[in-house]
Structures are given as C-alpha cells and as structure tokens.
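Reader: I would like to learn how to read the enclosed spaces and the ligand site in a model like this one. Could you take me through them step by step?

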Amino acid sequence: MVLHREVEPLTGDDQAIERALEDAHLPSLLPALAQVTGDFSLLRDDLRPNASSLAGEQGDLSPEQQVEARALARDALIRFRDSDSTPAPAPSIERLRELLRFMIGDAVRDEYLPLLLEELGFPEGDARAPQWRKEELDGQTPFTVGIIGSGMSGILAGIRLKQTGVPFVIFEKNEEVGGTWWENTYPGARVDSPNHAYSYSFAQRIDWPYYYSTRPVLHEYFRGCAEEYGIREHVQFNTEVTFADWDDERATWRVTTRGPGGAEQTHEVQVLISAVGQLNRPKIPDIPGLDSFDGPLFHSAQWDHSVDLAGKRVAVIGTGASASQFIPHVAEEAGELTIFQRTPNWYLPIPHYHDPVPDGLQWLFQHVPHYAQWYRFWLFWTTAEGLLPMAKVDEGRSDRSLAVGEANQQLRQMLTEYLEESFKDRPDLLEKVIPQYPPASKRIVIDNGSWPAALKRDNVRLLTDEIREVTPRGLVTEDGEEHPADVIILGTGFQASRFLTPMQVKGRDGIDLHEQWCGDPRAYMGMAIPNFPNFFVLYGPNTNIVVNGSIVYFSECEVQYVMDAIRTLLEEGHRSMEVRKDVHDAYNVRIDEGNLGMAWGVSTVNSWYKNEQGRVTQNWPFTLREFWEQTREVDPSDYVLT
Ligand code: NAP
C-alpha cells in the first residue's frame, strides 16, 4: 500500500524501545507522546525545542536535554506499551493548542490556529476538504470542470472535485500521471525539500524511506494517491490540450485536444483549470550549431536512457538544481566529463540529504500514533519562514551586488565557509564555484558533499568560459578551444516564464492569453486573469517559493480557493466569474513591491524567476501564512459575476 498511515501496536521489549529512541526526533516525539498517553507533564518547560528555521535538527536541545528527553520518552513508551497501546481520547482544541505551544511557542495565535491544525491533520484528518456537495447546491445544471495536467496539482484538484461530486475530466499529455515526477527520470532526481512535508496534508505517509525521497518513490506516492482517491478513471491519457477558447454566450470553455494517434477532439467544460506547472517545457539553449552535433544530445527532463555513457566523453551544459543532482552520477559513469558552468550555485549543506530514514525513527513512526504527523508539522513550521528573512533587502543598502542586507550577508558568510571548506584542497576550483551574487537570488541547492566530490574527480573538468558554438564533434568556447564530446546533456532548465505554452488560450472576445501577457504573465493570486472567465491556473504566476516551504502546500491553498470559486458559481447560480482588472492590477503592484524587497528581485544575476524584461514573474515574496490567508475563500466583490 502506498499511503501507509496505520500504526501498529507497540510490542517491542524495553531494549528495542531504547534502541529506537537513539534515532528519535525529540521535538516532535514529546508532543506525540503527550497526546497519545494523555500525560501532559511530558511537555516540560526545560525541554522546549527552538523551532526557528535555523535551529539544529533536534531543536537546539543540548546533549543533556536530549538524554533527559529520551528518558522521559522511554518511560512513556513503556507505559503506553503496557496499556496495550491504547491511545488517550482525542485531545480537545485547548489541549492541541498546548501541544502546539510546546513545539512552536507563542506563534500559536488564534488567527493561525486553523492553518496549524490543517497542516497537522487534526482534528478530523482533512480539514481542507470542501464542506459542500454539488447536488446540495445545484443538482440540475450540467457542469463539468476540465483540468489540464495530472501532476501533483492536477491530481489534487481532481481529489477535491471528487469530494464535492462535481464532474471533471483531466487531460494528460503523458501516458501516466505524476507530471514532473513522471517526466524527470534523470539519475539522481530527488526532492530537495523535506519529504515528510512535501506531501499532501490529507494523505500523509508514515513510512517515507528517505528524508528527501528519490524520484521513483515520489512518483509512486502521487500515482498511489491518484489510485486511492479514484482519480485515474477521470484521466484521458496521451491527450494534449492544444487550444481552449471561451464561448461567452454559452459560458463554456471549448477545449481542443490531440489524442493518441493525433486525433483531434473538442470538449466542453464550464470551468477550466490549468495544472501544467511552471517547469514543464524544457529550455533548449540558443547556441549556434547545437543542431549540428553528431552524437546523442538530450535535456535532463527528457533523459535518453538508451545512451550508454560508460567511458564516453560527456559534456554537460548548465549547473542548476537538476544538473547538480545528475552530474555526480554522470561523473561516475563517463570516461571524461566536461561541465560548462555559466553561473555557480550557492549550496546549503544538509548532511543527511541522501540518507534513508534510520530504522529507529521508522520503527517509532510505525508504533507511536500521530508521531509522523508531529514530525511533518515540525518540518512544515521550521521551513515555513525558512531563509526568507535572510533573503530580505535592507532598505538604504547601496551596494547589493554580493549581499542585499545584513542577514543576507550572514547567510553569504555561512555558505561561503561551506564552499571554502569543501574546496580547500582545490583552490583552482574554489575560485570558480564562489558565486558573485547575493544568496537566494537563485535557488540555493542542497548538498551533502556529493557536488564537491564530483568536481574533484580526475575525469571531471569544470569550465567557465562561454560557449561560442557547438560543432559536430564538440563545443567551442570563447577562447577558440574545441572540447570534443561524444554526448551532450542539457541541464539548461525550463521555459518557466512562458506559462502555459505551447497551448493557445482565448478568452472573452477572442482575446489571446499570450498576446495579453505579452511575455509578462500576471494573475490575481496566481490563479485568475482578467478577460478569462471561469479559468484558473494552479502554480501560476508568482506562486513559486525560493527559500521556504513546500510547493504542495501552495497547491493545497490554490485548490481550496478554486473550489470556493466553483462553490460561488454553483451556489449563487452564476454562469461565469471574471476577476476585476483593478483588483488584479492592484494585487500585482503589491507582488512587485514585495519581490523588489527580496534578493531575487534586486539581483541582476540570471535566473528563471524573471522574464525577459527582468520582472519577477515566478515568485511569491511573502510568507506561507499570508498565501494561506488570501486563498481561504473567494471574495465575490473581486469578481464580475454574471
Ligand atoms: P535552472 O535552475 O534554470 O538551471 C539551468 C542551468 O543551465 C543554469 O546553470 C543556467 O545558467 C544554465 N544555462 C541555461 N542556458 C544556458 C546557456 N545558453 N549556456 C550555458 N548555460 C546555460 O534549471 P534546473 O536545474 O532544471 O532547475 C529548475 C528548477 O527546478 C529549480 O530551481 C528547482 O526549483 C526545480 N528543481 C528541483 C529539484 C528538486 O526538488 N530536487 C531538482 C531539479 C530542479 P545560468 O544560471 O547562468 O542561467
């Protein structure tokens, strides 16, 4: 079973408990045990963790505090076992508040209690599930929702629609669900945000094999969710949406698809949701002669597994998050590897990045009810703000070329020390890998030492000269030198700011979405666009996060909002809703101001966060809580309802 959520009775002997406790995550174990035993004396003031984003893994508990916490936990676990693993009655909201306060202190305020409980999955397990059914609101009017894409967001939208009884169809260009986790099969692909938090709040797993799971594990999770929630039967596979246009008279979207064998079909839906993501269409670099290359050439998201790299001369263009994951694997296989780096990354050291969840912790997750939930909540909370304060611009700072503020400078210092330490034996490499831009202007890549180890191999060369052209035999750099290659791999990223391409979408009065955007995509809350009634975008403009949180959380907020929009249409008998232009414009002014207060907004370094004009089209500049607040429900006065 993919969604393993059930715990087993605790039956181990005292030694088994003690052994497991060696691997325990203590800040989340004590609240879990207090809840399950009803013994709130476990929440001792002197064992409160520090839940700030920069705290250590054990919430900065000292070795002595950890010994104390383990001893308390040991006794509680033995008592729990001896009571035949009978959990205490479910805690009241007041009691839950106490448990939360132990973990995160005064941050437990009334206004965010619902958010905390939603993420924790208490009290009812799926607090974000829509509380309405179509037949109760409007049983008669034919109403179908079309979803484009069955990745993480599309599956989620399907799950919520299913819960309301609103008919829906999902168009999927691939033969399988999973989106990015289906397509990106490159060696080393894994999630780079903590996995227990990178999962749906209502479909938590207690047995994730890794802290940061590999691509097959994640794909299996999302595929399993689609299966378990009955979404697969709504998916039309191998069916790509090529065109969608709005018929104002009939308040209907006409969606044209190209199905298996190229067959075109037209479908009519009342609401259309794009769930195609931001990182779906590979960016092929515009380097002269690229087409002339004689050997295999492929992009990281279209990995050609039929190409045997063993002993070959391999060239990799790009060193972003994807390349940082596959380069260590390619380096082991290739005869020679030449890496063409344009801009180096900052790397954040996470020593357990590739590690499996240790046996003791797995055992505890499987035997202590709600422990995995509390652990997930710890990760959610400690990454919620993440490094956001360290990415903020200090107003009045004149030189922002290397750091945008005091806190950002401290981050720079910390990340520089990691590089200096990692490359202290290779000054030739060190000078190439220290970024000359403020941290958080681009994605900070996670590392456990595998990146420096790969660069230092004898068969690897890191080049920083610009590529002038590609020839049939290899790549020529600006200095005129030719670098022979048998295979070229493009780690060159995605056409992120060209949202929804190559689809053509026409709204009211035949207005073309791409012409309206003119290379500068904008939406209200990332979802709603003037002139495009009943059309919503998930993971749309300005909903990407750089240094905090998980994108699954964003999708959950967005889908909650879209479901409320559908409820508004059905309940109030409206045919269509279109966001008001003034509301949309004012919102985007706020977003732009926010982004100009962040490292990625003021830095001039290349990044996929900006469009060609240099405006940040991808990122959300504020906290996770602010996104949740604005997406909880639709304000009908933001829309023209007809
Ligand atoms: P990316 O971050 O956009 O990196 C593209 C790389 O290609 C950059 O190094 C870029 O250099 C280089 N490049 C592009 N065009 C070039 C050209 N013409 N000549 C030379 N170099 C060129 O793309 P990505 O690595 O695929 O990552 C995209 C995003 O996907 C990440 O930021 C992350 O959000 C997500 N991702 C996540 C994971 C994960 O969760 N584990 C893994 C992979 C990706 P410049 O920097 O100079 O532009």
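Author: Gladly! Let's start with a term: a cavity is a set of grid points where a 1.4 Å probe fits but cannot get out. Keep in mind as we go that this is a predicted model.

Reader: How many cavities of 30 Å³ or more does the structure hold?

Author: The general idea comes first: rolling a probe the size of a water molecule over the atoms shows where empty space is left. In this structure, five cavities reach 30 Å³ or more. The largest cavity has a volume of about 90 Å³.

Reader: Which residues lie nearest the centre of the largest cavity?

Author: Look for Ala-197, Phe-380, Gly-549, Ser-550 and Tyr-553, which belong to a lining of 15 residues. By class, that lining divides into six nonpolar, six polar and three charged residues. Two helices to pick out are α12 (371–384) and α17 (551–571), since each supplies at least two residues of the lining.

Reader: And where does the largest cavity lie with respect to the domains?

Author: Begin with the division of the protein: domain 1 covers 14–108 + 358–384, domain 2 covers 142–280 + 496–589 + 631–641, and domain 3 covers 290–346 + 401–490. Domain 1 and domain 2 both give residues to the lining of the largest cavity, so this cavity lies between them. As for domain 1 and domain 3, their C-alpha centres are 41 Å apart.

Reader: Let's turn to the ligand. How many residues surround the ligand, and which are the closest?

Author: A residue counts as near the ligand if one of its heavy atoms lies within 4 Å. Here 24 residues surround the ligand, and the closest are Arg-190, Ser-322, Thr-343, Lys-442 and Asn-606. Domain 2 and domain 3 each contribute at least three residues to this shell. Helix α10 (residues 321–333) gives the most, with three residues. Sorted by class, the shell has eight nonpolar, 10 polar and six charged residues.

Reader: Which polar contacts should I inspect there?

Author: For a polar contact, look for a pair of N or O atoms within 3.5 Å. Arg-190 offers a polar backbone atom 2.4 Å from a nitrogen atom of the ligand. Gly-320 also uses its backbone, with an N or O atom 3.4 Å from a ligand oxygen. Ser-322, by contrast, uses its side chain: a polar atom there lies 2.7 Å from an oxygen atom of the ligand.

Reader: What percentage of the ligand's accessible area does the protein cover?

Author: On its own the ligand has 910 Å² of accessible area, and the protein covers 86% of that.

Note on methods: Residues are numbered from 1 along each chain as its sequence is written. This is a predicted model: local features need pLDDT of at least 70, side-chain atom pairs count only at pLDDT 80 or more; totals for chains, interfaces and linings use all residues. Side-chain values use heavy atoms; hydrogens and water are left out. A polar contact is a pair of N or O atoms within 3.5 Å; within protein, one must be able to donate a hydrogen and the other to accept it, and residues adjacent in sequence count only if both atoms are side-chain atoms. Accessible areas come from the Shrake-Rupley method with a 1.4 Å probe; for residues, only the protein chains shown count as cover. Helices (H or I, at least four residues) and strands (E, at least two) are DSSP runs, numbered from the N terminus. Ala, Val, Leu, Ile, Met, Phe, Trp, Tyr, Cys and Pro count as nonpolar, Asp, Glu, Lys and Arg as charged, and the others, Gly among them, as polar. Domain bounds come from an automatic or database domain assignment. On a 1 Å grid over the protein atoms alone, a cavity is a set of points where a 1.4 Å probe fits but cannot get out, and a pocket is an open set with protein on both sides within 12 Å along at least five of seven lines; lining residues have an atom within 4 Å of a point. Grid points are joined across faces, edges and corners, and a volume is the space filled by probe spheres set on the points.
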